[in-house]
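Me: Please take a close look at the aromatic pairs in this model and what surrounds them. I would like one connected account.

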Amino acid sequence: MIYLDYAATTPLDPEVKAAVQEVLSVYGNPSSVHGAGRRARQLLEEGRERVARALGCKPRELVLTSGGTESDALAIFGVALALGRGHLVSTELEHSAVLTALKNLQHLGFDVTLLKPDHTGMIYPEQVAEALRPDTFLVSLMTVNNEIGTLYPVKAVAELCRARGVLFHTDAVQAFGTVPSRVEDLGADLISIAAHKFYGPKGVGALYVRKGIELFPLMPGKQEQGYRGGTENLPAVYGMGLAAEKAMTLLRQEIQKLLHLRERLESQLLAIPGVELNGHPTLRSPKHVNVTARGADGEGLLLNLDLLGVAASAGSACASGSLEPSHVLLAIGRSKAEAKASVRFSLGRFTTEEEIDKAAAAFAEAVGRSRVLT
């Protein structure tokens, strides 16, 4: 199989896998005071410190979580419930973790404004500025769109929010390890990341919380400074630390490699009649290529790709199996039929030129087959 679904999840890096397997034998509870517990705590904090160095923050500014969804929920619910009322600003393009949290807050009496993107999926700082109100307390804008790869001006939005006394959260799950995503690069007050997007284990992530911000805990307990109760997943946290460290070490060379592969794939896909690019043509993650094949049957397109040995997706993995078209593609102006006839290819550390060429040829064949079906 040619795996081109790195935006859904990445393979576990072999070095990280070996480290996780070794730490599995450390059975102490990190909260226990005896020797086994102290050893577990030492390894837990080592993992946290590595993530903090990679992100460019202090270890005490990280809350360890189960992944991106929980990190997003803790940022949004945590800030909102600590305040009790007010107005939030986000966009129609956010991950379902953010959009669902905002919808639930509306049921609790909070006001929410969702900004509409242009046809490239871009959101502009001016839109955010116009949406801010005296009672706005939080803006949430993702760093990289998980479906179309559009890169957002988060640093500019962060500066705008800080000048207006508004907290800023960014979902950097698709960005960390793929584009510069340190705290100094993003400027955000809260940053969500997930290890399985940068070759670490599934089921673990982190939320950066700038010092001085108070959160309402979603899972009360004594762990994680009281912001996230429950015994920490030691092997996963340790693996996340190694994965984060490696991701930052390799970042520049991986960006160059991915840009080359993206251009190679994109040029071949767009040479197919009726195939069009989704997302910003230049301000885009180096690993994302999302295209629409006009006139193709969407379900048949993915099915044929899979039969031809290519793993890609129709959009967010969290929405797989849904009969509804991508909310992201609808937001940028695609019709329901076009949205369903769209495929997201996402590249990664282990992708080769040979795989790119084979995948492009397979897509051309899949488009031909699925158009016959229609």
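Reply: In this predicted model, a search of the whole structure gives six aromatic pairs. One of them joins phenylalanine 110 and phenylalanine 137: the ring centres are 6.0 Å apart and the planes meet at 65 degrees, over the 60 degrees required, so the pair is edge-to-face. Phenylalanine 110 belongs to the loop between helix 4 and strand 4, while phenylalanine 137 belongs to strand 5 (residues 136-140), so the contact ties together parts 27 residues apart in sequence. Both rings are covered: phenylalanine 110 is buried at 4% relative accessibility, and phenylalanine 137 is buried at 8%.

Tyrosine 199 and phenylalanine 350 also form an edge-to-face pair, with 5.9 Å from centre to centre and 90 degrees between the planes. Here the link spans 151 residues, from the loop between strand 7 (190-194) and strand 8 (205-209) to the loop between strand 12 (342-346) and helix 12 (353-373). Tyrosine 199 is buried, because its relative accessibility is 6%, under the 20% limit. Phenylalanine 350, at 38%, is partly exposed. Ring pairs link these two residues with Tyr3 and Tyr6 into a cluster. Tyrosine 199 has a charged neighbour too: the charged end of arginine 349 sits over its ring, 3.9 Å from the centre.

Back in the loop between helix 4 (96-107) and strand 4 (111-115) there is also leucine 108. Leucine 108 is exposed, at 55% relative accessibility. Together with Leu81, Phe216, Leu218 and Met219, Leu108 forms a nonpolar surface patch with about 420 Å² of accessible area.

Technical notes
Residues numbered from 1 in each chain as written. Predicted model: local features only at pLDDT ≥ 70, side-chain atom pairs only at ≥ 80, totals over all residues. Heavy atoms only, no water. Patch = residues over 30% accessible without salt bridge, like charges linked within 9 Å, V, L, I, M, F, W, Y side chains within 5 Å. Areas by Shrake-Rupley, 256 points an atom, 1.4 Å probe, with all protein chains shown as cover. Salt bridge = Lys/Arg side-chain N within 4 Å of Asp/Glu carboxyl O. Helix = DSSP H or I, 4+ residues; strand = E, 2+ residues; numbered from the N terminus. Buried < 20%, exposed > 50% of the residue type's maximum accessible area, 1.4 Å probe, protein only. Phe/Tyr/Trp six-rings, centres within 6.5 Å; stacked < 30°, edge-to-face > 60°. Lys NZ or Arg CZ within 6 Å of the ring centre and 35° of its normal.
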